[in-house]
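Thank you all for coming. I would like us to look at one structure together this morning, slowly, and I will put it on the screen before I say anything about it.

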Amino acid sequence: MTAIRTEGLYAFYGSNPAVNGLDLAVPDGVTFGFLGPNGAGKTTTISMLTTLLKPTAGRAEVAGFDVATRPDEVRRRIGIVFQESTLDVDLTAAENLRFQAELRGLGRRAARRAAGELLDLMELSDRGRVKVRQFSAGLRRRLEVARGLLGTPRVLFLDEPTTGLDVQTRAAVWEHLEVLRRERGITVFFTTHQLEEAEHCDRIAIIDHGELITQGTPAELKSVIGSDLVVLRTEDDARAAGAITDRFGLAAEPTPDGLLLRVADGAALVPRLCTELGVGVRAVSVAPPTLDDVFLHHTGTAVRESTADRKMLSSLGEGLR
Ligand SMILES: Nc1ncnc2c1ncn2[C@@H]1O[C@H](COP(=O)(O)OP(=O)(O)OP(=O)(O)O)[C@@H](O)[C@H]1O
């Protein structure tokens, strides 16, 4: 079954098309990353899929029901974790869950049981009686995910779930989400503007300016680029670029980080560059394509300006000249 399907979905704010004819298909039981830079239309899309905003045009179905004509059926089958925290910090973790469960129509006893189960699931049982005010950002996020799971949803929507969290806490949140998907078969749909965060998703869609750029598995999207990226710093980049074309038959593109080369096997090329180029090599890095590169390939612009986070495989000093 398809958990989410949109066909020609539009949302206008005045004359601004925040979502511009979106066609999406999200299979049941996958982790789906919805990626794009700030202002791309991610939150607007999630708002329509969760029935909080009416589409201007087009259709969207979630868990088999149309969001515009059957919003109650959709709401019964989804959970939402918003970008901004909506927890009551003056209540304990368990109280936050119980009150939300009661708002959803559960009786007192059932609400208490559901709260206990979800605290267990998100490994928060020992903190059930602690006021949320005393929670770290990571614990709050976990509690919000727990709250999103009230009513055993088929699809869990999370809008930028790890924004503001440190790397370790982020990893912990992802681990919990992966367990949910594996053990409960929940479809996890999340947005992010940090593309590397979606590397481990089953499927990805990238949007920009409200339009779908591409969708598929991370490997499928990267296979479009199909090569390693080698960045080379030399004593004289202009001379090195000529030598790379003459001796290796490769194109070298000048970038702020150095000369950029796209080759099938970057690691094999590096030693040859160092010994055969005839121009002093100061530093060289090799990296497989990332989702940022996929974005760059399709849009011609980078999500982030710098490639400083590329793994430096080799940093060569003056001695190699
Ligand atoms: N309530 C609103 N009224 C008018 N314009 C809006 C409104 N909400 C969003 N927009 C505009 O719609 C476009 C898409 O915004 P949206 O918040 O959906 O993007 P986003 O991808 O979620 O961005 P971010 O990563 O910053 O949250 C942007 O140009 C934004 O300025």
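The buried residues of helix H1, if you follow it along the chain, are Lys42, Thr44, Thr45, Ile46, Met48 and Leu49. I should say at once that this is a predicted model, so please keep that in mind throughout what follows. With the word buried we mean that 20 or more other C-beta atoms lie within 10 Å of the residue's own, and because six of the eight residues of H1 meet that condition, the helix is largely enclosed by the rest of the structure. Just after H1 comes threonine 51, whose phi is positive, at about 70°.

Let us turn to the ligand, where the helix appears again. Which residues surround the ligand? They are Tyr13, Asn16, Ala18, Gly36, Asn38, Gly39, Ala40, Gly41, Lys42, Thr43, Thr44 and His193. Two elements, strand S2 and helix H1, which covers residues 42-49, each give two or more residues to this shell, and the largest share, three residues, comes from H1. If we sort the shell by character, we find three nonpolar residues, eight polar ones and one charged one.

Now, the sheet, which I would like to take strand by strand. It is an open sheet of four strands, paired antiparallel, and their order is S2-S1-S4-S5. The edges are strand S2, residues 16-27, and strand S5, residues 65-66, each of which pairs on one side only. As a general reminder for anyone new to this, strands of a sheet pair through backbone hydrogen bonds, and they may do so parallel or antiparallel.

Strand S1 has a neighbour on either side in that order, and we can go through its two pairings in turn. With S2, it pairs in the antiparallel sense over nine bridges, and here isoleucine 4 stands opposite valine 26. The hairpin of S1 and S2 has two residues between the strands, and in it glycine 14 takes a positive phi near 65°. With S4, which spans residues 57-62, strand S1, residues 2-13, is joined by five bridges, and these two strands also run antiparallel. On that side, arginine 5 stands opposite glutamate 61, while isoleucine 4, which we have just met, has valine 62 as its bridge partner in S4.

Conventions
Residues numbered from 1 in each chain as written. Predicted model: local features only at pLDDT ≥ 70, side-chain atom pairs only at ≥ 80, totals over all residues. Pairing = 2+ DSSP bridges. Near = placed C-beta within 6 Å. Nonpolar A, V, L, I, M, F, W, Y, C, P; charged D, E, K, R; others polar. Buried ≥ 20, exposed ≤ 12 C-beta atoms within 10 Å, placed from the backbone.
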